Amino acid sequence: MLFLQLLLLAVLLPGGNNKDVVQEDILFRVIQISSFANHSWAQNQGSGWLDELQTHGWDSESGTIIFLHTWSKGNFSSKELVELELLFRVYFSGLTQRIQDCGCQLQFEYPFELQVTAGCELHSGKTTKSFLQVAYQGTDFLSFQNMSWVPSPEGESRAQRVCDVINQYEVIKETVFKLIRNVCPRFVLGLLDAGKMDLQRQVRPEAWLSSSPFHGSSQLLLVCHVSGFYPKPIWVMWMRGEQEHPGSQQGDVMPNVDGTWYLRVILNVDAQEAAGLSCHVRHSSLGDQDIILYWGHQLSMNLIPLAVIVPLILLVVLALWLKKCCSYQNIQRDSSPCFPHCNENCTAQEHRTTE
């Protein structure tokens with residue numbers, strides 16, 4: 001079978017070692033979503049992820065890998081990347097054809113989706129975990145373990161039948177094993193080396209507070225906003241003194257368009273109890289210097305510039321007004337009952353000038 005023969009391409013990929021050592025857990029995974037509407041229509045989507053960062057995509061029209069960063073090719077040669085690309089292209093084509101031909105026998109009911117997640121996890125440069133899991137309609141279906149396909153309990157008899165079929169192909173099992181156990185770790189180490197300048201960057205977060213009252217209630221909703229930080233791990237908490245407030249509710253860490261992250265932590269308290277609360281932010285870019293925002297202080301600090309700027313503006317406006325008044329008086333040579341002081345000042349100035 002041509003499909004099985006081409007799968008041998010993965011075995012041709014060398015399994016060399018990388019001298020650089022990773023000192024923390026790094027997860028790389030490839031996600032596949034295959035949608036089957038009927039016997040003649042199917043769509044395959046693919047993406048690659050380094051932890052929470054998407055590094056690769058898949059162009060289903062041309063059957064090519066999309067490299068989302070300048071370093072997404074890692075340290076693989078052009079020949080190795082071409083072989084991987086051909087492998088995935090044949091895999092998607094063969095999978096689609098086989099399911100469309102045998103879908104009824106396997107009791108797949110149209111329309112349906114298959115989700116596949118495969119990859120490896122590294123710690124200190126060594127593989128600690130490799131995996132391949134398949135879900136059918138969002139439910140665990142089967143997985144690859146110890147050179148065999150194993151059905152999930154949720155997959156019931158349907159998953160067992162599929163495993164019985166694909167376990168007959170030793171070449172497929174050997175190829176999958178080599179991809180997730182040998183090729184994946186080497187590729188991840190190459191990604192980390194090629195993209196270390198980008199992956200190791202540190203961006204300090206910006207933080208601010210906001211609030212909104214509950215209508216018809218004495219309750220106050222306090223929100224601590226933290227934005228623009230990288231990398232993703234961060235700790236944000238409402239505190240009273242040195243104690244964490246148990247009512248703090250953290251939302252999801254959301255991406256910004258520039259690749260940094262945004263988070264908000266909310267707290268619902270009685271308005272009379274808001275005094276003395278503070279929001280603490282800890283992030284790797286801050287070192288040992290946490291960001292601490294005290295509720296109530298931010299408002300007073302914002303009022304300080306206003307207290308200085310507003311009088312200055314009024315003084316400038318008053319000076320311009322008096323100058324304009326005097327100029328007008330000099331031209332008209334007539335006093336104004338509305339501005340006697342201005343007229344007196346102008347008259348005195350004219351007297352000094354004539355002297």
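Begin by selecting Arg-282 and Asp-290, whose side chains meet in a salt bridge with 3.0 Å from N to O. As you look, keep in mind that this is a predicted model, and that each distance you read in it is computed. Arg-282 is partly exposed, with a relative accessible area of 40%, and Asp-290 is also partly exposed, at 30%.

**The whole chain**

Now zoom out and show the chain as a cartoon, in which the secondary structure comes to 8 helices and 17 strands. If you colour the 355 residues by burial, buried residues make up 37% of them. Switching to a surface view, you are looking at about 21400 Å² of accessible surface, and 56% of that area belongs to carbon and sulfur atoms. Among the contacts in the chain with a separation of 6 or more, residues 24 or more positions apart account for 57%.

**Strand 10 and its partners**

Next, select residues 219-229, which form strand 10. Is this strand mostly enclosed or open? Of its 11 residues, 9 are buried, so strand 10 is largely enclosed by the rest of the structure.

Add residues 206-213, which are strand 9, and you will find that this strand pairs with strand 10 in the antiparallel sense over 8 bridges. To see one position of this pairing, pick Ser-210, whose bridge partner in strand 10 is Val-223.

Then add strand 15, residues 261-270, which pairs with strand 10 over 10 bridges, again in the antiparallel sense. Here a useful position to pick is Cys-224, which stands opposite Val-265 in strand 15. While you have these strands in view, turn on the side chains and remember that in a regular strand they alternate between the two faces of the sheet.

**Two nonpolar cores**

Which residues touch the most other members of the largest nonpolar core? Select Val-236, Trp-238 and Val-281, because by this count they come out ahead in a core of 23 residues. Several strands contribute to this core, and strand 10, strand 11 (235-240), strand 15, strand 16 (277-282) and strand 17 (291-294) each supply at least two of its residues.

Apart from this core lies another one, of 22 residues, and you can locate it by selecting some of its members, including Leu-106, Phe-108, Phe-141 and Ile-180.

**Two disulfides**

Select the cysteines next, and look for the 2 disulfides that the structure holds. A disulfide is a covalent bond between the sulfur atoms of two cysteines.

One of the disulfides takes you back to strand 10, where Cys-224 is joined to Cys-279, with their sulfur atoms 2.0 Å apart. This pair links distant parts of the chain, since Cys-224 is in strand 10 and Cys-279 is in strand 16, 55 residues apart. The link is left-handed, with -80 degrees about the S-S bond. Cys-224 has 0% relative accessibility and therefore counts as buried, and Cys-279, also at 0%, counts as buried too.

The other disulfide joins Cys-120 to Cys-184, with 2.1 Å from S to S. Cys-120 lies in strand 5 (residues 112-123) and Cys-184 in helix 5 (residues 170-194), so the pair ties together parts that are 64 residues apart in sequence. Because the torsion about the S-S bond is about -80 degrees, this disulfide is left-handed. Both Cys-120 and Cys-184 are buried.

Before leaving the cysteines, select Cys-163 as well, which is buried, with a relative accessible area of 1%.

**More salt bridges**

The tour started at a salt bridge, and the structure holds 8 of them. For another, select helix 3 (residues 78-102) and find Glu-85 and Arg-89, which are 4 residues apart and thus separated by about one helical turn. Their closest N and O atoms are 3.5 Å apart. Are the two partners buried or partly exposed? Glu-85 counts as buried because its relative accessibility is 17%, and the cut-off for buried is under 20%. Arg-89, with a relative accessible area of 34%, is partly exposed.

For a last stop, select Asp-193 and Lys-196, whose side chains meet in a salt bridge with 3.8 Å from N to O. Asp-193 is partly exposed, with a relative accessible area of 32%, and Lys-196 counts as partly exposed at 38%.

Definitions and conventions:
Residues numbered from 1 in each chain as written. Predicted model: local features only at pLDDT ≥ 70, side-chain atom pairs only at ≥ 80, totals over all residues. Heavy atoms only, no water. Core = buried A, V, L, I, M, F, W, Y, C linked by side-chain atoms within 4.5 Å. Buried < 20%, exposed > 50% of the residue type's maximum accessible area, 1.4 Å probe, protein only. Pairing = 2+ DSSP bridges. Disulfide = S-S within 2.5 Å. Salt bridge = Lys/Arg side-chain N within 4 Å of Asp/Glu carboxyl O. Contact = heavy atoms within 4.5 Å. Areas by Shrake-Rupley, 256 points an atom, 1.4 Å probe, with all protein chains shown as cover.
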